[in-house]
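I opened this notebook to record what I looked up, entry by entry. The topics are cysteines, a polar contact, nonpolar cores and aromatic rings.

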Amino acid sequence: HPCRNGFNKETFILSVDVGTTSIRCHVYDKEANIRGLCSTEVVLLYPEVGHVEMDPDELWRGFITVVKGAVQDAGAHMHQIEALGISTQRGTITTWNRTTGVPFHNFITWQDQRAADLVKSWNRSCTMKVSLCIIYVMKTLYFLSRQKRCLAASLIVFSTQHVTFPVAEGNCCFGTIDSWLLFKLTKGLIHVTDYSNASSTGIFDTYQMCWSGFFCSLFSLPISIFPKVVNTDHDFGSTDPSIFGVSIPIKSVIADQQAAMFGECCFDVGDVKITMGTGTFMDINTGSKPHTSVAGLYPLVGWKIGSELVYLAEGSSADTGTAIKWAQELELFSDVQETSAMAYSVSDSDGVCFVPSFSACASLMGLKPSTTKCHLIRAILESIAFRNKQLYDTMLRETRIPITRIRVDGGVSSNDFVMQLTADLFGKKVTRPQHCEMSCLGAAFVAGLGTGFWRTREELKKLQSTDEVFVPQGLPKGGAYCPGREYIPVIQSWESALRRSMNWYGKP
């Protein structure tokens, strides 16, 4: 009890975000202030070219370390923690022994490319012909009904996230990071995941809200090895008292991008969240129905809380933070905080275009003797905003949902040049929060609502802290406001560079 032995009566919400590069834990008070924090690095393993793994035992030790460290940093005691929320990276999987809890292998991360060649062969070979009958039927249904879902089913394209491996039924559990952590935290009492994490695996049917029978049969996967899929605010039980000395109620489990969406309070249809980190993820709240895209947006479950089911449509691009880190390693700058001022120090990129695609063919085009470091930095930062514009235009065209507000988080959002140019190109104001760790906050918000720590979503909106609002600045066109107009020819040049780069590794 909080009053026992004269200890402080104040209680807190604990939230852990297991990311790709770090594990973070925050201790939140009633005002959503971070009272304590702790983080540790995630060590990625590269046993072979294209293989990206994580050691499950190291991840578990890191999880325990940050929880204890954050509570200590807050000057609090474990019994003051009212609830625990967990946010995790998506699409990272492992299998483990149901009896002993020992993993059969390392986590295979969402970045892993070991199946890339296999996927390519599937997508162009007769393996896909297994589905031709279904595809023909779905195209016919689309012609008759004009329902995009039917057309989407006719456009089956495999990705590396669809690839798994044959497993034996019986003592085997399959799961994402959240499933495995819950199994460990409860000493094997539960084998579950939430809808947001399940929908991000590529083998979950977001329409039927169950594991996809099509993919399970295709890969010979017994349904019994999969975790039960439950609500985001499900009562996940409590941590075993032997782990932290007390039992802490686990009140939320949610995938990282969906957690960031909730942390940004994007509760209404048309709310958009952009996270610019290692890559860029743009999500729009599509309400109670999944959006079916035929041009690259992915339908996801945002969260299922009580009877409320919220869907998102997501577009993404790789190599956002990666491009900036690469430029730093080339010593184009020493401190990332310099880059915005460097970009503003020149009026344009001097005709230089940067294509940020390290997994395909990244390139710099239009270099001249007059090109300086500042021109290169401006071209790199412009490319990030241009990719944002591409995603934004796709989202507008595909969803036809009026965008109500745009909130941007992630490490790259601290760059004023990228933020201002994004606002100019969108022609809409974009808002940056004071704290960029929105995944942690989102998991905390869901957990806190579940315990009554916070009572309503309106209360959560009032707790939001805004660092800066970027308003579009543009040239007037016939008296009308036309943001980003001067960038039209620049974007056209960049798109030309993009097309040239795409075919670089093709046969001459």
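The entries below follow the order of my look-ups.

**Entry: status of the model.** I note at the outset that this is a predicted model.

**Entry: cysteines.** I asked how many disulfides the structure holds. I found zero. I then looked at Cys-210, whose sulfur has its closest cysteine sulfur in Cys-216, 8.9 Å away. A disulfide requires the two sulfur atoms to be within 2.5 Å, so I recorded the 8.9 Å between Cys-210 and Cys-216 as too far for a bond. Cys-216 is likewise in no disulfide. I also checked accessibility: Cys-210 is partly exposed, at a relative accessible area of 36%, whereas Cys-216 is buried, at 4%.

**Entry: Thr-95.** I located Thr-95 in strand β6, which covers residues 93-97. I recorded Thr-95 as buried, with 2% relative accessibility. Its side chain makes a polar contact of 2.8 Å with the side chain of His-105.

**Entry: nonpolar cores.** I asked which residues have the most contacts inside the largest nonpolar core. They are Val-272, Ile-274, Met-276, Met-282, Leu-381, Ile-406 and Val-430, in a core of 48 residues. Helix α12, residues 373-399, supplies the largest share of this core, with eleven residues. I followed Leu-381 further and set aside its neighbours within four places in sequence. Among its remaining contacts I listed Ile-324, Ala-343, Phe-417 and Val-418, and also Thr-339, Ser-340 and Asn-415. Another core, of 43 residues, lies apart from the largest one; Leu-59, Leu-181, Phe-183 and Ile-250 are among its members.

**Entry: aromatic pairs.** I counted 20 aromatic pairs and examined two of them. Tyr-195 and Phe-204 have ring centres 6.2 Å apart and planes at 70°, so I entered the pair as edge-to-face. Tyr-195 is buried at 14% relative accessible area, and Phe-204 is buried at 6%. The pair of Phe-354 and Phe-358 is tilted, with 6.3 Å between the centres and 55° between the planes. Here I found Phe-354 buried at 1% but Phe-358 partly exposed at 32%. I also noted a cluster linked by ring pairs, made up of Phe-174, Tyr-195, Phe-204, Trp-211 and Phe-226.

**Entry: charges over rings.** I asked where the charged end of Lys-30 sits. I found it over the ring of Phe-453, 4.5 Å from the ring centre. Arg-457 lies over the face of Phe-267, at 5.1 Å from the centre of that ring.

How values were computed:
Residues numbered from 1 in each chain as written. Predicted model: local features only at pLDDT ≥ 70, side-chain atom pairs only at ≥ 80, totals over all residues. Heavy atoms only, no water. Buried < 20%, exposed > 50% of the residue type's maximum accessible area, 1.4 Å probe, protein only. Helix = DSSP H or I, 4+ residues; strand = E, 2+ residues; numbered from the N terminus. Polar contact = N/O pair within 3.5 Å; in protein donor to acceptor, adjacent residues only side chain to side chain. Core = buried A, V, L, I, M, F, W, Y, C linked by side-chain atoms within 4.5 Å. Contact = heavy atoms within 4.5 Å. Phe/Tyr/Trp six-rings, centres within 6.5 Å; stacked < 30°, edge-to-face > 60°. Lys NZ or Arg CZ within 6 Å of the ring centre and 35° of its normal.
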